[in-house]
Amino acid sequence: MALRIQNPQRFASGLIFLAIGAFAMGYGSRYRMGSATNMGPGYFPFVVASVVALLGLASAVTSLRPAHMPKPVVWHIVPLVCVLAGIVAFGLLVEHAGLVLAIAAVVVLGCYQRLVSRPWEVLAIGIILVVVSVVLFIHGLGMPWQAFPLWQS
């Protein structure tokens with residue numbers, strides 16, 4: 001029985017998540033793992049990366065089905081590039097430009113299509129996400145990020 005890719009988008013996203021998880025597991029294995037009761041600095045990132053890799057593998061496997069007729073592959077590259085650019089922008093901006101601008105970049109890049117058709121919806125999403133993130137991560141959990149480090153002297 002031959003397997004064919006029934007859902008190419010799910011298969012591709014599964015492979016991307018599998019690759020990201022595998023890379024993070026390899027990179028995180030440099031740190032001391034410890035155990036579940038005495039966690040080292042590499043334990044939690046390794047577990048999260050393992051979950052991401054397993055979810056990617058499950059997504060890729062579930063996209064394979066026995067098929068009689070292959071479906072045409074349609075790739076929508078712009079949404080993929082925008083979402084990946086949003087993730088990269090967040091990583092580059094959060095330390096130097098602050099949490100607020102990093103989240104704004106993620107929202108603008110991640111909601112690029114809705115930004116054109118429903119700008120007020122994207123603005124509401126951005127404001128709510130910024131407020132919840134600042135309150136939760138900076139004030140609630142005490143993360144070492146700043147809301148606007150560029151404005152402080």
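**Group meeting: a walk through the predicted model**

Let's start at the surface: helix 3 makes the biggest contribution to the nonpolar patch, giving seven residues. Before I go on, a word on the ground rules: this is a predicted model, so local features need pLDDT of at least 70, side-chain atom pairs count only at pLDDT 80 or more, and totals for chains, interfaces and linings use all residues. Residues are numbered from 1 along each chain as its sequence is written, and side-chain values use heavy atoms, with hydrogens and water left out.

Back to that patch. Its members are Ile16, Ile20, Ile77, Val78, Leu80, Val81, Val83, Leu84 and Ile87, and together they have about 730 Å² of accessible area. Two elements give two or more residues to it, namely helix 1 (8–28) and helix 3 (77–96). When I say patch, I mean residues with over 30% relative accessible area and no salt bridge, where like charges are joined within 9 Å and nonpolar side chains (Val, Leu, Ile, Met, Phe, Trp, Tyr) within 5 Å. The areas themselves are Shrake-Rupley values with a 1.4 Å probe, and for residues only the protein chains shown count as cover. Helices (H or I, at least four residues) and strands (E, at least two) are DSSP runs, numbered from the N terminus.

Take Leu84, which sits in helix 3. Is it buried or exposed? Neither, quite: at 36% relative accessibility leucine 84 is partly exposed. Buried is under 20% relative accessible area, exposed is over 50%, and partly exposed is in between, with a 1.4 Å probe and protein chains only. Also in helix 3 is Leu92, and at 59% Leu92 is exposed. The C-alpha atoms of Leu92 and Ala102 are 8.0 Å apart, with their positions 10 residues apart along the chain.

Now, aromatics. How many aromatic pairs does a search of the whole structure find? One. Phe23 and Tyr27 have ring centres 6.1 Å apart and planes at 20°, so the pair is stacked. The rule is that rings of Phe, Tyr and Trp (its six-membered ring) pair if their centres lie within 6.5 Å, with planes under 30 degrees apart called stacked, over 60 edge-to-face, and the rest tilted. Phe23 and Tyr27 are four residues apart in helix 1, which means about one helical turn separates them. Phe23 is exposed at 61%, while Tyr27 is partly exposed at 38%.

On to helix 2, residues 43–62. With 20 residues at 1.5 Å each, helix 2 should span 28 Å, and its end C-alpha atoms are 28 Å apart, so the two agree. That expected span is 1.5 Å times one less than the number of residues. Within helix 2, the residues Ala49, Ser50, Ala53, Gly56, Ser59 and Ala60 are buried.

Next, the inside. The largest nonpolar core has 11 residues: Val94, Leu99, Val100, Ala102, Ile103, Val107, Cys111, Val122, Val130, Val134 and Ile138. Helix 4 (99–110) and helix 6 are the elements giving two or more residues to this core, and helix 4 has the largest share, with five. A core here is a set of buried Ala, Val, Leu, Ile, Met, Phe, Trp, Tyr and Cys residues joined through side-chain atoms within 4.5 Å. Helix 6 covers residues 119–140 and includes Ile127, which is partly exposed at 48%. The C-alpha atoms of Ile127 and Ile103 are 9.4 Å apart, and the two residues are 24 apart along the chain.

Last stop, the charges. Which residue does Glu121 bridge to at 2.7 Å? That's Arg114, going by the closest N and O atoms. Glu121 also makes a salt bridge with Arg118, at 3.9 Å from N to O. Sharing partners this way, the salt bridges join Arg114, Arg118 and Glu121 into one network. The count comes to two salt bridges, each being a side-chain nitrogen of Lys or Arg within 4 Å of a carboxyl oxygen of Asp or Glu. As for exposure, Glu121 is partly exposed at 31%, Arg114 is partly exposed at 37%, and Arg118 is partly exposed at 43%.

One more residue to finish: Arg65, in strand 2 (residues 64–66). Arg65 is partly exposed, with a relative accessible area of 44%. Its C-alpha atom is 29 Å from that of Met25, and the two residues are 40 apart along the chain.
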